[in-house]
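Here's a quick walk through a protein model, written for someone who would rather look at the fold than read a table of coordinates. Have a look at the structure first, then read on.

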Amino acid sequence: MLKALVRKQCMQMLSALYIDRRKGGRRSPVTVFLYLGLFVYCFAMFAVMFFGIASAICGPLLESGAGWLYFALMGIAATAIGVFGSVFTAYSALYAAKDNDLLLSMPIPPGKILLVRMLGCYATAFLFEALVMAPASVVYFMNSAPGAVPVIMCAVNALVLPLGALVISCILGWVIALVSPLFKNRSFVSVALSLIFIAAYFFLYSKMNSVISLVLANAGAVGEKVRIFVWPLYCMGRGAQGDVLLGAAFVGISAAVFGAVYFVMSKSFIKLVTTQKGGTGAAYRGKKQRASSVDAALLKKELLHLKSSAVYMLNCALGTLLLPAASVVILVKKNWIMGLLGGAPEILTENLPVLGCAAVCLAASMNDLTAPSVSLEGKSLWISRSLPVRPWKILKAKINMHLLLTLAPVFVAAVCAAIALGVSPAEGVLMAAVSGAYVLFVAAMGLCLNLLMPNLDWVSETAAVKQNIGVLLALFGNWAVILLLGGLFALLQEYISSGWFLAIAFAVLVLAAGGLILWIRKKGAEIFASL
């Protein structure tokens, strides 16, 4: 039974790779190869960044005889990345999967269902942690001459280390499942707890450079503290250097902690899964319902869906919360920002409006509400298609939601950036205009990609939001547009001013967004009607 459940989970997670959701058939081998190539490219881009960090600390720590501390530090970084990548999906994957009721109706022990769900979360944590541990191991091998045992132990650590991230993510998901029935809106509970985690994560990340400098300057003292207070990490580091006994101790401790967490969660799994439908009661009060336009009603439908989905809010609308916070930071820290720009290349310091606009657009790319919006219709797609409205109206509502939640924070950020950088009012207006055009383009491009690559047969909304090739393409496409415009400016900056370039960028983005919207209105509406 467990083997069949694991196979089902693997097929479900990999189905986006080889199943064409729009046509319902298998993808061609060439298409599968291209998707794999895209995944490898994305993995390599992030791995290169951690390769640089590992290269900076590996040599000095090895020379000081604290090689184990190098692995301990990279293990901490890998766990943090693993938690960040999987913590927002744990609750949805474990307790809000659409097929929980179906599986519980079968003669399957609930503990096995939970275990398979946790293995799915483990796979996500493993992929994120591999971004750190794979380059970290390569750097270590380049700076030393390890034998067969250290190589094997590094591979074992790479498999065992994600259990730490899995445990943290599952505990948070379990806590959300415990407390959410006490509140009317469970999604906001999940979002609030996750935002607290994000704040703590970015605070620690902001201190990373000072922490690394402190560690390199006091490797002996720091190593002693780690050995005393975080002994499992000491065991992991020593194991990676060839100490099999301590490496086995790390494996045993990790397995024991995971087993204890699994045991506790399995005892309450049925109760938590079967009580998720309820919530705090509310007395009915009759009131008049105002009539609204078709566009307003469809927009309200999209907003209610967003409100009910924590994974949708956290992964696709985080910019709505972070952009206002960033705007305040820009104004408060404007002297510090200008000090940093003092040592920047001349092409940046002489073109502050373009630099500020690029930063605002990059922040705006955190919102990609349209990228999974069609997929999130799921098996309820028939409801939207049965409404007496044209498909274009439904798709337009998805774009309108993105604009409603993104334009205002982006305009505020653009104004604050213009004030902090001291640009002219005309240049400030152009910065806001280009940022707004970029938001419209992002909304249109995300919806186009989702119409071409929908995922409607998901079990957990996590699959529609995070395990979707279209969403990944939309995210990297958003960044690619900024890079392309930046490259174009680098070519033209000797011939035109910043203001004229922003005007050109505005025209290009508006025309591109208009072309995509025309495609959505005609061809996209036909695709939606045939899904």
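How far apart should the ends of helix α3 (residues 67-86) be at 1.5 Å a residue, and how far apart are its end C-alpha atoms? Keep in mind that this is a predicted model. The 20 residues of α3 should span 28 Å, and the end C-alpha atoms sit 29 Å apart, so the two values agree. Helix α22 (residues 425-452) passes a similar check: its first and last C-alpha atoms are 41 Å apart, close to the expected 40 Å. Here are the two helices side by side.

| Helix | Residues | Expected span | End-to-end C-alpha distance | Buried residues |
|---|---|---|---|---|
| α3 | 67-86 | 28 Å | 29 Å | 15 of 20 |
| α22 | 425-452 | 40 Å | 41 Å | 20 of 28 |

Both are mostly covered, α3 as well as α22.

Now for the whole chain. The protein has 25 helices and zero strands. Of its 531 residues, 45% count as buried. Among contacts with a separation of 6 or more, 84% come from residues 24 or more positions apart.

One helix pair is worth zooming in on. How do the axes of α19 (residues 352-364) and α24 (residues 469-492) cross? They come within 10 Å of each other at roughly 170°. An angle over 145 degrees counts as roughly antiparallel, and α19 and α24 are therefore roughly antiparallel to each other. On the α19 side, the contact is made by V354, A358, C361 and L362, while α24 brings W479, I482 and F489. The residues of this contact divide into seven nonpolar, no polar and no charged.

Next, a tryptophan in a loop. W458 lies between α22 and α23 (461-465). Is W458 buried or exposed? Its relative accessibility is 9%, so W458 counts as buried. Leaving aside neighbours within four places in sequence, W458 is in contact with K98, S375, L376, G378, K379, A463 and A464. Of these, S375 is 83 residues away from W458 along the chain, yet their C-alpha atoms are separated by 8.3 Å.

Last, the cysteines. A disulfide is a covalent bond between the sulfur atoms of two cysteines. How many disulfides does the model have? With a cut-off of 2.5 Å between sulfur atoms, the count comes to zero. Two of the cysteines are C235, buried with a relative accessible area of 0%, and C448, also buried, at 7%.

Notes:
Residues are numbered from 1 along each chain as its sequence is written. This is a predicted model: local features need pLDDT of at least 70, side-chain atom pairs count only at pLDDT 80 or more; totals for chains, interfaces and linings use all residues. Side-chain values use heavy atoms; hydrogens and water are left out. Axes are lines fitted to C-alpha atoms, for helices over the stretch in contact, and angles run from 0 to 180 degrees between N-to-C directions. Helices (H or I, at least four residues) and strands (E, at least two) are DSSP runs, numbered from the N terminus. Angles under 35 degrees count as roughly parallel, over 145 as roughly antiparallel, 65 to 115 as roughly perpendicular and the rest as oblique. Contact means heavy atoms within 4.5 Å. Ala, Val, Leu, Ile, Met, Phe, Trp, Tyr, Cys and Pro count as nonpolar, Asp, Glu, Lys and Arg as charged, and the others, Gly among them, as polar. Buried means under 20% relative accessible area, exposed over 50%, partly exposed in between (1.4 Å probe, protein chains only). The expected span of a helix is 1.5 Å times one less than its number of residues.
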